[in-house]
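Student: I should like to take a close look at a single part of this protein. Could you please take me through one residue and then relate that residue to the rest of the chain?

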Amino acid sequence: PAPPLSTREREFLPFFLGEGALGVTDLVNLTGAPASSTYATLKKLEEAGLIEKTAGQKRILTDLGFQVANSL
């Protein structure tokens, strides 16, 4: 089952489907959200097991994240 997601978390996940690996700056540019709340949102998505950091500090969807993003 998918964890409960905030509106912003729901907005962020589909970008990973279309773009692949994304960094904070990428998401700020795509969404217009402030960097501070982008960091907080990414942390929550990581804690929920929906995204994970790559070696280059970008984030990618986990298998669960991919399923959740596709269901939004």
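**A close look at Ser 37**

Tutor: At 18% relative accessibility, Ser 37 counts as buried, because buried means under 20% relative accessible area. Please keep in mind that the model is predicted.

Ser 37 has its place in helix α3, which covers residues 35-47. Two polar partners of its side chain deserve attention. One is the backbone oxygen of Pro 34, which the side chain of Ser 37 reaches at 3.2 Å. The other is the side chain of Arg 8, with which the side chain of Ser 37 makes a polar contact at 3.0 Å. A further distance helps to place the residue: Ser 37 and Leu 5 are 32 residues apart along the chain, and their C-alpha atoms are separated by 15 Å.

Let us now set this residue within the whole. The protein has four helices and two strands. Read along the sequence, these elements follow the pattern α-α-α-β-β-α. The radius of gyration is 11 Å, close to the 11 Å that the globule rule gives for 72 residues, so the protein is as compact as a globular protein of that length. Along the principal axes, the C-alpha atoms fill a box of roughly 30 × 25 × 20 Å. Of the 72 residues, 32% are buried, and Ser 37 is one of the residues that count as buried.

Next, consider the strands. Strand β1 consists of residues 51-53, and Ile 51 lies in it. With a relative accessible area of 3%, Ile 51 is buried, since the limit for that term is under 20%. Leaving aside neighbours within four places in sequence, Ile 51 is in contact with several residues, among them Leu 42 and Leu 45. The contacts of Ile 51 also include Leu 13 and Phe 16, as well as Ile 60, Leu 61 and Thr 62. For Phe 16 there is a separation to add: Ile 51 and Phe 16 are 35 residues apart along the chain, while 9.0 Å separates their C-alpha atoms.

Strand β2 consists of residues 59-61, and Arg 59 is found there. Arg 59 is buried as well, with a relative accessible area of 7%. Its contacts, not counting residues up to four places away in sequence, include Phe 16, Leu 42, Glu 46 and Ile 51. Also touched by Arg 59 are, among others, Gly 20, Ala 21, Leu 22 and Val 24. In addition, the side chain of Arg 59 reaches the backbone oxygen of Gln 57 at 3.3 Å.

Gln 57 itself is found in the loop between β1 and β2. Although Gln 57 is not a glycine, it has a positive phi of about 70°. At 46% relative accessibility, Gln 57 counts as partly exposed, because that term covers values between 20% and 50%.

The account may now turn to the end of the chain. Phe 66 has its place in helix α4, which covers residues 63-71. Phe 66 is partly exposed, with a relative accessible area of 44%. Not counting residues up to four places away in sequence, Phe 66 touches Leu 17 and Leu 61. Phe 66 and Ile 51 are 15 residues apart along the chain, and 8.7 Å separates their C-alpha atoms.

Leu 72 lies in the segment after α4 and is partly exposed, with a relative accessible area of 42%. Once its neighbours within four places in sequence are set aside, Leu 72 is in contact with Arg 10, Leu 13 and Pro 14. Leu 72 and Ala 33, which are 39 residues apart in sequence, lie 20 Å apart in space, C-alpha to C-alpha.

Some totals complete the picture. Among contacts between residues at least 6 apart in sequence, 48% join residues at least 24 apart. The accessible surface comes to about 4,200 Å², and 53% of that surface belongs to carbon and sulfur atoms. There are 7 positive and 8 negative side chains, and the centres of the two sets lie 6 Å apart.

To return to the part you asked about: Ser 37 is a buried residue in helix α3, and its side chain reaches the backbone oxygen of Pro 34 and makes a polar contact with the side chain of Arg 8.

Technical notes: Residues are numbered from 1 along each chain as its sequence is written. This is a predicted model: local features need pLDDT of at least 70, side-chain atom pairs count only at pLDDT 80 or more; totals for chains, interfaces and linings use all residues. Side-chain values use heavy atoms; hydrogens and water are left out. Buried means under 20% relative accessible area, exposed over 50%, partly exposed in between (1.4 Å probe, protein chains only). A polar contact is a pair of N or O atoms within 3.5 Å; within protein, one must be able to donate a hydrogen and the other to accept it, and residues adjacent in sequence count only if both atoms are side-chain atoms. Contact means heavy atoms within 4.5 Å. The radius of gyration is taken over C-alpha atoms; the globule rule is 2.2 Å times the number of residues to the power 0.38. Accessible areas come from the Shrake-Rupley method with a 1.4 Å probe; for residues, only the protein chains shown count as cover. Lys and Arg count as positive and Asp and Glu as negative; His and the chain ends are not counted. The place of a charge is taken as NZ of Lys, CZ of Arg, CG of Asp or CD of Glu.
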